Amino acid sequence: MSPRSASDNAMPAPLVDVRRGLVSRRIFSDPALYERELEQVFGRCWLFLGPEAALPAPGDFVTSFMGEDPVIVCRDPAGRVRAFLNSCRHRGNAVCQLERGHALAFTCGYHGWTYNTEGQLTGVPFHAEAYYDDLDRAELGLLEVPRLEVFGGLIFGCWDPAAPPLAAYLGGMGWYLDRLVVAQELGGLDVAATTRYRTRGNWKFLAENAAGDHYHTPTAHGAANRLGIRGATSGFEYAQADWGPFEVALEHGHGLGGLVTGRETYERDLARARTMGPEVVEYVTTRYARLQERLADTPSKPYVISHGNVFPNFSFVGGQTALRGWVFYLIHPKGPTDSEVWQWLMLPRAAPPAVRAAALTQFRREGHFAAGMFEQDDAEIFERTTESTRSPRARELPFHYGMGLRQEGRWPGQEGWDIAGLPGLVGPRFSEHNQRGFYAYWAALVQAGEP
């Protein structure tokens with residue numbers, strides 16, 4: 001028998017076959033493809049950098065990543081939000097080592113070059129002695145992220161100067177974010193807590209799961225459901241089919257789902273609010289009134305989201321009820337098989353103390369923080385699925401994303417639902433049309449220009 005060559009094990013093109021719902025396992029662990037997506041995905045897409053609430057005053061800063069590029073996001077003396085590559089122009093050392101803080105300038109710990117919050121090189125030790133006063137400081141400022149926009153308190157940046165505006169990139173996702181996630185009613189969203197963790201899993205598994213995967217919930221999170229943890233804390237009864245949920249696939253690989261509809265959510269929230277005091281009753285009543293106002297241009301039933309993903313790596317979960325906050329996720333790639341997950345618990349600034357305490361307890365216990373049951377369930381599965389893409393025999397078998405393929409518009413329970421006017425391709429909770437959209441856009445970017 002002749003020896004097998006590397007080409008014998010390679011998946012034939014295309015890596016993503018949307019027509020058949022097949023995705024090559026190579027894209028989750030192949031080092032060459034990972035390097036290409038750093039350039040073609042993270043180098044060209046709009047990326048979430050963090051909540052604007054983390055930068056309340058000039059001089060405030062946070063550090064983050066755009067793909068694997070470290071960046072400083074700060075507010076300059078004029079109050080403008082800016083972002084810079086966190087790399088000294090002299091020898092490349094990071095000029096800011098902290099996660100967040102307040103500073104008038106950033107100084108490299110190697111040779112002391114100093115930059116202000118506008119990115120200008122303002123200090124060079126021994127300038128006259130070492131450089132004979134012959135150094136063009138104006139040409140050696142920090143590399144600035146050329147495109148930066150704030151949408152509803154969310155900061156996005158893009159390395160591609162020719163990229164379309166953020167609103168065009170978000171498309172229909174912007175409609176949902178504006179009305180159901182970051183609307184500036186009740187003072188806007190504020191950071192209530194943060195957490196971070198590392199995981200052995202390709203970033204795409206985490207992102208596509210948030211984009212729309214109700215199918216895994218009864219199995220992967222079966223223990224939490226059987227113990228009553230989810231229902232007791234969120235009031236969201238997964239199997240109650242008369243009020244949802246469903247999934248929405250949007251342009252540019254975005255997806256969201258878990259939408260619920262009708263007055264049942266409000267009635268449950270109001271009943272629980274009465275046990276928490278009159279301040280909470282007023283808060284719940286006001287939030288739902290504002291929700292109705294924001295959805296005045298949609299069908300008569302109110303909708304709320306439970307999860308979503310802005311391609312490539314900004315996810316969010318929560319929000320099915322007025323008593324929940326949102327957890328925002330940034331899924332940073334750390335190589336083909338590793339990720340780092342950053343999380344923010346976000347609540348309206350007007351949320352009463354009782355609501356804040358309940359939301360924090362819920363996310364710690366229910367599992368959307370690092371130590372919770374849901375997050376650990378998912379992280380363990382993402383590690384195993386990523387590992388399954390590395391073995392020679394398994395790499396020959398593509399993943400199957402064919403659920404609901406060619407069945408759009410033919411899902412059970414649609415009768416009586418008024419979904420006219422909702423942006424995107426709306427489908428049932430058990431479908432993979434969101435994932436197919438995610439990987440189709442990934443492939444369009446990564447394979448662009450290939451022969």
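# Reading the model, one term at a time

Q: Where is Pro-312 placed?
A: In this predicted model, Pro-312 sits in the loop between β18 and β19.

Q: What makes the peptide bond from Phe-311 to Pro-312 worth a look?
A: That bond is cis, with omega near 5°. As background, most peptide bonds are trans.

Q: Why is the pair of Phe-311 and Phe-438 called edge-to-face?
A: Start with the pairing itself: ring centres have to lie within 6.5 Å, and by this rule the count comes to 22 aromatic pairs. For Phe-311 and Phe-438 the distance is 5.0 Å centre to centre, with 65° between the planes. Planes over 60 degrees apart count as edge-to-face, so the 65° angle earns this pair its name.

Q: Why can Phe-311 and Phe-438 be said to tie parts together?
A: Phe-311 belongs to the loop between β18 (307–310) and β19 (314–318), while Phe-438 belongs to helix α14 (residues 433–446), so their pairing joins parts that are 127 residues apart in sequence. Both Phe-311 and Phe-438 are buried.

Q: What makes Phe-314 and Phe-328 an edge-to-face pair?
A: Here the rings are 5.5 Å apart, centre to centre, and the planes make an angle of 85°. The distance falls within the 6.5 Å limit and the angle is over 60 degrees, so the pair is edge-to-face. Phe-314 is in strand β19 and Phe-328 in strand β20 (residues 326–333), so this pair ties together parts 14 residues apart in sequence. Phe-314 and Phe-328 are both buried.

Q: Which residues do ring pairs link into a cluster?
A: Phe-311 and Phe-438 are among them, and the others are Phe-28, Phe-42, Trp-203, Phe-205, Phe-399, Tyr-401, Tyr-439 and Tyr-441.

Q: How do you know that the charged end of Arg-196 sits over the ring of Trp-342?
A: The charged end of Arg-196 is 3.4 Å from the centre of that ring, and the distance part of the rule asks for a position within 6 Å. Another example is Lys-334, which lies over the face of Phe-65 at 3.4 Å from the ring centre.

Q: Where else does Arg-196 appear?
A: The second largest pocket holds about 240 Å³ of space. Of its 18 lining residues, those closest to the centre are Val-62, Arg-100, Thr-194, Arg-196 and Trp-344. At least two lining residues come from each of β3 (47–51), β4 (60–66), β7 (100–102), β13 (189–199) and β21 (339–348). By class, this lining has eight nonpolar, seven polar and three charged residues.

Q: What makes up the lining of the largest pocket?
A: This pocket has a volume of about 470 Å³. It is lined by 20 residues, and the closest to its centre are Glu-208, Asp-213, His-216, Ile-381 and Thr-385. Two or more lining residues come from each of α5, α6 (217–220), α12 (373–387) and β22 (399–400). The lining divides into eight nonpolar, eight polar and four charged residues.

Q: Why is Asn-209 called buried?
A: Its relative accessible area is 14%, and buried means under 20%, so Asn-209 meets the cut-off. Asn-209 is part of helix α5 (residues 203–212). Beyond its neighbours within four places in sequence, Asn-209 is in contact with His-216, Asp-378 and Phe-382.

Q: What makes helix α4 (residues 172–181) mostly covered?
A: Nine of its ten residues are buried. Arg-179, which lies in helix α4, has 16% relative accessibility, under the 20% limit, so it counts as buried. Leaving aside neighbours within four places in sequence, Arg-179 is in contact with Leu-291, Arg-294, Leu-295 and Asp-297.

Q: Why is Phe-126 called exposed?
A: Phe-126 has 61% relative accessibility, and exposed means over 50%, so the label follows. Phe-126 is in the loop between β10 (121–123) and α2 (127–131).

Q: What is there to notice about the phi of Phe-126?
A: Most residues other than glycine have a negative phi. Phe-126 is not a glycine, yet its phi is positive, at about 55°. Tyr-132 also has a positive phi of about 55° without being a glycine. Tyr-132 is in the loop between α2 and β11 (147–151). With a relative accessible area of 67%, over the 50% limit, Tyr-132 is exposed.

How values were computed:
Residues numbered from 1 in each chain as written. Predicted model: local features only at pLDDT ≥ 70, side-chain atom pairs only at ≥ 80, totals over all residues. Heavy atoms only, no water. Phe/Tyr/Trp six-rings, centres within 6.5 Å; stacked < 30°, edge-to-face > 60°. Helix = DSSP H or I, 4+ residues; strand = E, 2+ residues; numbered from the N terminus. Buried < 20%, exposed > 50% of the residue type's maximum accessible area, 1.4 Å probe, protein only. Lys NZ or Arg CZ within 6 Å of the ring centre and 35° of its normal. Contact = heavy atoms within 4.5 Å. 1 Å grid on protein atoms, 1.4 Å probe; cavity = no way out; pocket = protein on both sides within 12 Å on 5 of 7 lines; lining within 4 Å. Points joined across faces, edges and corners; volume = space filled by probe spheres on them. Nonpolar A, V, L, I, M, F, W, Y, C, P; charged D, E, K, R; others polar.
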